[in-house]
Amino acid sequence: MKKFSIVIAGGGSTFTPGIVLMLLDNLERFPIRQIKFYDNLEERQQQIADACEIIIRERAPEINFVATTDPQTAFEDVDFLMAHIRVGLYAMREQDEKIPLKYGVVGQETCGPGGIAYGMRSIGGVLELVDYMEKYSPDAWMLNYSNPAAIVAEATRKLRPNSKIINICDMPVGIEERMAKSVGLNSRKEMVVRYYGLNHFGWWTDIRDLEGNDLMPKIKEHVNKYGYSLQDEIEESQHTDASWMHTFAKAKDVYAVDPETLPNTYLKYYLYPQDEVAHANPEYTRANEVMAGREKHVFGECNRIAEAGTAAGMTLEVDEHASYIVDLARAIAYNTHERMLLIVPNEGAIVNFDETAMVEVPCIVGANGPEPLTQGKIPQFQKGLMEQQVSVEKLVVQAWEEGSYQKLWQALTLSRIVPNARVARDILDDLLEANQEFWPTLK
Ligand code: NAD
Ligand code: G6P
Ligand code: MN
C-alpha cells in the first residue's frame with residue numbers, strides 16, 4: 001500500500017502537535033512514510049519539532065521526520081501540503097482585535113476589520129506556499145486552513161486558478177459534533193447535511209440521520225433553548241474556553257433571526273456586533289487568551305518533552321476533530337467520494353448567487369478534487385447578507401492585487417460590522433500603520 005509524504009506549514013503552529021498526534025492515530029486509514037515541518041521562523045518551529053520528533057520516534061519510528069526552513073527540502077517529494085500559517089503571529093492578531101475595538105467596532109480574527117487586516121497579510125504568505133508546492137511537487141494537493149480562509153480562498157481562486165488547493169474550516173465540523181450530541185447521536189458522521197454560505201458565514205438547511213429521518217426539528221428545539229451549548233460538554237481542547245462557550249450559547253439569538261435554518265456561530269459578529277463589543281475587554285482580547293492559554297501550554301509541554309527526551313506523561317492532546325483533514329486527504333488519495341463541506345468556487349452550486357464567489361457547500365471529494373452539490377436557490381435574507389460579505393472579500397483581494405487604498409477603504413466601509421465610511425477610514429489608517437511590514441504598499 002502506498003504511504004504518503006506530508007509537509008505541514010507552519011510547523012511552529014500551536015495546532016501542529018495536535019495534528020501530528022491525530023495523524024499518528026490514523027495511520028491505519030492513512031499510512032505515512034514522511035512528515036516534514038516547514039516554517040519561516042526557525043526558532044519557533046524548532047521547539048515544536050524537537051518534541052514531535054520524540055513523539056514520532058516513540059510511536060512510529062518508521063516515519064521519516066524533517067523540520068526545515070528551506071523551501072526545497074520542505075516541498076520536494078510530498079503528496080499533501082497541510083497549511084496553517086499565521087502571518088504576523090499572535091502579536092498581529094492582537095492588533096487586529098484591539099484596533100477596531102478602540103472605535104467601538106468588533107475586533108475579531110477573521111470577521112470585520114480584523115479579518116480584513118489579516119487577509120492582507122495572509123494572501124502573500126499562502127500564495128508563496130502554493131508556488132513552492134507547484135515548483136517542487138507539482139502533483140501535490142494543498143489542504144489549506146490558514147485564515148482568514150474566505151479571503152485566502154478568493155485570492156487563490158483569482159490568482160492561482162489552476163492550482164490544486166482546497167480551503168477548509170473546522171467550525172462546521174465542530175458545530176455538527178454538537179448537533180449530533182444534542183440529539184443523542186455519537187458522531188456527526190451519523191448525519192448528512194445540506195448547507196450553504198461563505199466561510200464563517202453559512203446556514204444548515206437540512207440535517208438527516210443515515211436512514212433519512214429529519215433531525216432538524218429536534219436540533220432546532222435544542223438551539224432555540226441553548227444555542228449550541230450542551231448539558232454534557234464535549235471533550236476537546238480548543239473550543240472549551242469561556243469565550244467559546246459564550247459563542248455557542250449566543251447561537252440561540254442568531255437562530256431566532258431565521259428559524260428556518262441553523263446558523264454558523266460566526267454570524268453573531270454580523271448580526272449582533274454591539275453585543276460583542278459590549279462584553280469585549282479592549283485591553284485583553286482572544287489573542288491574549290490564546291497566548292496565555294494554548295500557546296503557553298503547547299510550547300511549555302514541547303520544551304518539557306524535548307528536555308526529558310521522552311513524551312511519557314505528556315499533556316498534549318490529539319486533535320481528533322482535525323481528523324476531517326485526514327478524511328479529505330483520503331478522499332483524494334483513495335477516491336472515496338466522501339461528502340464534506342468545503343470552500344469552493346460557486347459555479348452554480350447556489351443557483352441565485354455570484355458564480356465567481358467562493359462558497360462553503362457540501363462537496364463529493366474524489367481523486368479529481370471536490371465536486372460541489374447544488375444547494376438550489378437561497379432566500380433574500382441570506383442572499384443579501386452574503387452579497388455584501390462576498391463583496392468585502394473580493395474588494396480585499398483586489399486591494400491587495402492592485403495596491404489600492406481606495407478599495408480597501410471600500411471593503412471596510414461595506415463590512416456590516418463597521419458603522420460608516422469615516423469610522424472605516426479611521427480604523428484603516430490605524431491598521432495600515434500597524435501592518436507596514438506585512439501589507440503591500442497602498443496607493
Ligand atoms: P501560530 O501563530 O501558532 O502558528 C502559525 C505558524 O505559521 C507560526 O509558526 C509562524 O511562524 C508560521 N508562519 C507565518 N508566516 C509564515 C510563512 N509565510 N511561511 C511559513 N510559515 C509561516 O498560529 P495558530 O493559532 O496555531 O494558527 C495557525 C493558523 O491556522 C491560523 O491561520 C489559524 O487561523 C488557522 N486555523 C484555521 C482553522 C480553520 O478552521 N480554518 C482552525 C484552526 C486554526
Ligand atoms: C474556529 C475557526 C477557526 C479559527 C479558530 C480560532 O476553529 O473555525 O477558523 O481559527 O476557531 O480559535 P482560537 O482558539 O484561536 O480563538
Ligand atoms: Mn474556520
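Ligand 1 is surrounded by 26 residues, with Ser13, Thr14, Asp39, Tyr90 and Tyr118 the closest. A second shell, of 14 residues, encloses ligand 2. Both sites are described here from a predicted model. The side chain of Asn147 has an N or O atom 2.7 Å from an oxygen atom of ligand 1, and an N or O atom of the Asn147 side chain also lies 2.7 Å from an oxygen atom of ligand 2.

**Ligand 1: contacts and cover**
- From the backbone, an N or O atom of Gly12 is placed 3.4 Å from an oxygen atom of ligand 1.
- Tyr145 likewise contributes a backbone N or O atom, which is 3.1 Å from a nitrogen atom of ligand 1.
- The protein buries 96% of the 860 Å² that ligand 1 exposes when taken alone.

**Ligand 1: the surrounding shell**
- Two or more residues of this shell come from each of the elements α4 (89–102) and α5 (112–136).
- By residue class, the shell around ligand 1 holds 11 nonpolar, 9 polar and 6 charged residues.

**Ligand 2: contacts and cover**
- The closest residues to ligand 2 are Arg93, Asn147, Asp170, Gln238 and Arg286.
- The side chain of Arg93 places an N or O atom 2.8 Å from an oxygen atom of ligand 2.
- For Arg294, a side-chain N or O atom is 2.8 Å from an oxygen atom of ligand 2.
- On its own, ligand 2 has 390 Å² of accessible area, and the protein covers 93% of that.

**Ligand 2: the surrounding shell**
- Helix α12 (residues 286–308) provides the largest share of this shell, 3 residues.
- The shell around ligand 2 is made up of 5 nonpolar, 4 polar and 5 charged residues.

Key
Residues numbered from 1 in each chain as written. Chains lettered and ligands numbered in written order. Predicted model: local features only at pLDDT ≥ 70, side-chain atom pairs only at ≥ 80, totals over all residues. Heavy atoms only, no water. Near = heavy atom within 4 Å. Polar contact = N/O pair within 3.5 Å; in protein donor to acceptor, adjacent residues only side chain to side chain. Areas by Shrake-Rupley, 256 points an atom, 1.4 Å probe, with all protein chains shown as cover. Helix = DSSP H or I, 4+ residues; strand = E, 2+ residues; numbered from the N terminus. Nonpolar A, V, L, I, M, F, W, Y, C, P; charged D, E, K, R; others polar.
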